[in-house]
Amino acid sequence: MSPQPPQSDDYKQPREAVSQPDPVRSAFDKGVVWCARGAAWLIFVAMAISVFEVVMRYGFDSPTSWVHESVVMLVAISFALGGPAALASNRHIRVRILYDTVGPGFKRWLDRFNDLVTFLFCVGMSYAAYVMFWDASHNPLGEWQLERSGTSWNPPFPALVKGMIMLALMIMCVQAFIHLIQSLRGKPAPEPTDEGAA
């Protein structure tokens, strides 16, 4: 039986995990990610009250009048807050066909162009969301009056959801402006750490 070759120290000891760069670009983005983790629990709340509705409807023959609209509102808010979270952690969808074929200098200019377009887009969408929320929160006389769902329960969820959309877009405006300043100062956008990024 031939002797076994000596094993190297690298083989005997587990290799340390290679640290990935943090995709979060600013302290403001870190705050957004922290808040988004809390807002993610809205999906759990929506699921829990959906289960409650199923039990009440089919187990006790006592359906609720508030669960369906509450679930729609919670999911809509979590969906709206997904935009700032994706922008903060640099996990938004991107097409990199051109970006991956150019050198570092041109990539910096592409980053600046991308951040400028993102900022202008968020400003335009924020204005549209503001108009939408104003119409949903004021009557034709200009008095404060929240838009309601029109059902038997009639909550003001439509106005609240439109307000959250406006808030999410305004947060994205601040994020995009910070990213643009960073790009102009030569700080490149970090690469996302997830493998699913396009």
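This briefing walks through some side-chain pairings, one buried residue and one pocket in the structure above. The model is a predicted one, so please read every value here as computed from it. It holds six aromatic pairs and two salt bridges, and its second largest pocket has a volume of about 250 Å³.

**Aromatic pairs**

- Of the six aromatic pairs in the structure, one is formed by Trp41 and Phe44, whose rings meet edge-to-face at 5.7 Å centre to centre with 80° between the planes.
- Helix α3, which spans residues 41–59, carries both Trp41 and Phe44, and the two are three residues apart, about one turn of the helix.
- Are the two partners buried or exposed? Trp41 is exposed at 56% relative accessible area, while Phe44 is partly exposed at 46% relative accessibility.
- Another aromatic pair brings together Tyr130 and Trp134, this time in a tilted arrangement, with 6.4 Å between the centres and 40° between the planes.
- Tyr130 and Trp134 sit four residues apart in helix α5 (residues 104–137), so about one helical turn separates them.
- Tyr130 is partly exposed at 39% relative accessibility, and Trp134 is likewise partly exposed at 39%.

**A charge over a ring**

- Trp109 has a charged neighbour: Arg112 lies over the face of its ring, at 4.6 Å from the ring centre.

**Salt bridges**

- The count comes to two salt bridges, and one of them joins the side chains of Glu53 and Arg57, with 2.8 Å from N to O.
- This bridge stays within one helix: Glu53 and Arg57 are both part of α3, four residues apart, about one turn of the helix.
- Glu53 is buried, with a relative accessible area of 11%, whereas its partner Arg57 is partly exposed at 35% relative accessibility.
- Glu147 and Lys162 also meet in a salt bridge, with an N to O distance of 2.9 Å.
- What does this second bridge tie together? Glu147 belongs to the loop between α5 and α6 (157–184) and Lys162 to helix α6, so the pair links parts that are 15 residues apart in sequence.
- Both ends of the Glu147–Lys162 bridge are partly exposed, Glu147 at 31% relative accessibility and Lys162 at 21%.

**Val32 and its surroundings**

- Val32 is found in helix α2, which covers residues 27–39.
- With 13% relative accessibility, Val32 counts as buried, because the cut-off for that class is under 20%.
- Which residues does Val32 touch beyond its neighbours within four places in sequence? Val32 is in contact with Pro84, Ala85, Ala88, Ile171 and Gln175.
- Ala86 is 54 residues from Val32 in sequence, and their C-alpha atoms are 9.6 Å apart in space.

**The second largest pocket**

- The volume of the second largest pocket is about 250 Å³.
- Its lining consists of Ala76, Phe79, Ala80, Gly83, Met125, Ala128, Ala129, Met132, Ile165, Ala168, Leu169 and Met172.
- Which helices supply at least two residues each to this lining? They are α4 (67–88), α5 and α6.
- Two of these helices appear earlier in this briefing: α5 holds the Tyr130 and Trp134 pair, and α6 holds Lys162 of the bridge to Glu147.

Note on methods: Residues numbered from 1 in each chain as written. Predicted model: local features only at pLDDT ≥ 70, side-chain atom pairs only at ≥ 80, totals over all residues. Heavy atoms only, no water. Phe/Tyr/Trp six-rings, centres within 6.5 Å; stacked < 30°, edge-to-face > 60°. Buried < 20%, exposed > 50% of the residue type's maximum accessible area, 1.4 Å probe, protein only. Lys NZ or Arg CZ within 6 Å of the ring centre and 35° of its normal. Salt bridge = Lys/Arg side-chain N within 4 Å of Asp/Glu carboxyl O. Contact = heavy atoms within 4.5 Å. 1 Å grid on protein atoms, 1.4 Å probe; cavity = no way out; pocket = protein on both sides within 12 Å on 5 of 7 lines; lining within 4 Å. Points joined across faces, edges and corners; volume = space filled by probe spheres on them.
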